[in-house]
Structure formats: structure tokens, C-alpha cells
Amino acid sequence: MALLSALYLQALIIMSCLAFGLASYSPLSPAYYNRVCPQALPTIRSIVEDAVRQERRMGASLLRLHFHDCFVNGCDASILLDPTPTIDSEKNAIPNANSARGFEVIDRIKAQVDKVCGRPIVSCADILAVAARDSVFALGGPYWPVQLGRRDSTTASRSAANNDIPSPFMDLPALISNFKKQGLNVNDLVALSGGHTIGFAQCRVFRNRIYNETNNVDASFASQLQATCPRTGGDSNLASLDPSPAVFDTKYFSNLLTKKGLLHSDQALYNGGQTDNLVRTYSTNFFAFSKDFANSMIKMGNIKPLTGKKGQIRLNCGKVN
């Protein structure tokens, strides 16, 4: 009970800090469904909590879906579209193939939300945004007012996904440039990278780091990981992104201070560059990290949303109407 009370108090403080800045980001509104379907958000939260209860890793997977959606032509649920003769599905892009997961949870949410609302009112893009927030909160992270009113795309772009989703092999200048392209600054980069406080990564994306990097990786850390990730084979073997992959905390940043970032792009945030100070701050200040993470999630969620008559409200998240 004490933990729940503390999380609730933290959520109230963060929401009050963020409420003043919402209007400056986009025409979306946290109250978008309040009148037309007040049951929508509680329904999403219930299903997300159930999914995370069954598999804690699912929280990180749902957060990642939203991130990978927003970085490809905006937050429009294009990542959910299945391949067809006219849809070059982002599911088949290098960052997502045999990696992105949680689609069945989104489908379950969509079916139930449409049922309680009486018709398709809630977009798949909004479901992704709310599910990401609810996943973070379920794992002990902040709760923020998700802006709503997005509509769903009628197209997808595998090539844009390959080009625009940040690579785990990027150095700091490339990461800064990548985020700047999306209207996100250096602080957003560090805060959002902190999403790696939950979840896992596959061997294929950290193999080079643990075998070929020497200056910015702890030797014993690399050696331990080599038991999970051999030089050849085992590409899909998993390692946790920080020591507590099912808890939203600051251990991701603490790891960076000791050269134990799992991905090259993680350790790039603490390697003598301009982001070092913020990494140090977040490593010991959970409230500062949580507040900035929530604020950056709101910014990311407002990347080029489709509103008004643009796009559509999909009947099935995996198919264009």
C-alpha cells in the first residue's frame, strides 16, 4: 500500500507539472474521449495491466511499439499494418522484424474498446500511446496525461522505418541528429533512452559491443554477456537492458556510469560527451528522470499526428479500412 500511495503521489505531482505545457505541443487533448467514450481509457489500462501481470516484459514491448511508430512518419499506428500488395509493412523493417512484439495485446485492446464504446471511436494510434503510458506506470514509472485525438494512417513505409528508427550502433552525434529530425532535443534523447530501464535486447544488436569494443565497456560485464551471446549463432538470445528489466528505475543510468550499457547507443550517452551530466543526474534522481521522461513522451507522442479528416479510424489495427 505504501508503494502504491507513493506512486500515486508521484503521478499527481508529475501530471500537475506537465499540465501547464500541454497546449504548446499540438491540437490533441487528454480529454478527447471523455464525452464520447469515458470507458475507453479504463478499458485500455485494465488490459495492459493484465498483459503485464502475465508477462512483465510486455510492458517494455508496448512502450517500444509506440516509440517505433512515432519515429516513422509520426504517431499514426503505421507500425501495426500487416504486409499486403500495397502495404510495405514496417513489421518487416530491420529494427522490427522478429523483434517488435505485443501486437496481439493491441488487437485485444482494440476489440474490447470498440465493444465498450459501441463503435470504432478510438484510433489504433491513440491505443498505442495510452498502452505505452499504462505499461510504464504498471512497472513503477510515471503517469502522464496522454494527448489524444490521433487518427490512423492508410500507408506504411518499411524504408522509412529502416532509416528513421535510431540504430543500437549509433554514436552520440548520430543519435542527436536522429532525434533532432523528429523535433526532439538532447534532453529528450537522454530521457527517452531511459526507457531502456525496462526490457531486453537480442544478442545480434550487442554482440559487436561485447567482443570488439574495449575502451568503453567493463571487461567483466562483457565477459558475462558472452555466455549468453556467442560470437556466432544465438542471434535472438536475450539480455536485460539493465539489472532490473521489469522495474522502471534509474539503474539504466547507473550502469552507464560503470561502462555497463548493453547497447553501443546506450553507452554513447556517457562517454565524455555533452550528455554525461544529465546521465549522472538521472542516475541518482528518480523524480527528475521520471518528470523528464513523461514530458519527452508527450513531445514524442505529438510527432506529426493525423487529425481532423486526415487518415481514418481503423476497424482492424492491422488493416486499412
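Here are three short exercises on this predicted model, each with a worked solution.

**Exercise 1.** Find which residues line the largest cavity, and which helix gives the most to that lining.

*Solution.* Start with the count, which comes to 1 cavity of 30 Å³ or more. The volume of the largest cavity is about 50 Å³. Next, look at its walls: H66, A129, W144, V146, Q147, R150, M297, I298, G301 and N302 form the lining. Sorted by character, these lining residues are 5 nonpolar, 4 polar and 1 charged. Finally, turn to the helices: α14 (residues 286–301) gives the most, with 3 residues.

**Exercise 2.** Explore the largest nonpolar core and find which residues touch the most other members.

*Solution.* This core holds 77 residues, and L80, I106, I109, L269 and F293 touch the most other members. Helix α5 (residues 124–138) is the top contributor to this core, with 9 residues. Now zoom in on I106: leaving out residues up to four places away in sequence, I106 touches L62, L65, L80, I127, L128, A131 and C317. Another core, of 15 residues, lies apart from the largest one, and its members include Y211, V217, L225 and C229.

**Exercise 3.** Locate P166 and decide: is P166 buried or exposed?

*Solution.* First, the record: an unreviewed UniProt entry lists P166 under "binding site". Second, its place in the chain: P166 sits in the loop between α6 (158–164) and α7 (172–181). Third, the cut-off: buried means under 20% relative accessible area. P166 has a relative accessible area of 18%, so P166 is buried. To see its surroundings, set aside neighbours within four places in sequence; P166 is then in contact with F67, F71, L175, N178 and F179.

Definitions and conventions
Residues are numbered from 1 along each chain as its sequence is written. This is a predicted model: local features need pLDDT of at least 70, side-chain atom pairs count only at pLDDT 80 or more; totals for chains, interfaces and linings use all residues. Side-chain values use heavy atoms; hydrogens and water are left out. On a 1 Å grid over the protein atoms alone, a cavity is a set of points where a 1.4 Å probe fits but cannot get out, and a pocket is an open set with protein on both sides within 12 Å along at least five of seven lines; lining residues have an atom within 4 Å of a point. Grid points are joined across faces, edges and corners, and a volume is the space filled by probe spheres set on the points. Helices (H or I, at least four residues) and strands (E, at least two) are DSSP runs, numbered from the N terminus. Ala, Val, Leu, Ile, Met, Phe, Trp, Tyr, Cys and Pro count as nonpolar, Asp, Glu, Lys and Arg as charged, and the others, Gly among them, as polar. A nonpolar core is a set of buried Ala, Val, Leu, Ile, Met, Phe, Trp, Tyr and Cys residues joined through side-chain atoms within 4.5 Å. Buried means under 20% relative accessible area, exposed over 50%, partly exposed in between (1.4 Å probe, protein chains only). Contact means heavy atoms within 4.5 Å. UniProt positions are given in the numbering used here, feature names are shortened, and annotations may be inferred rather than shown by experiment.
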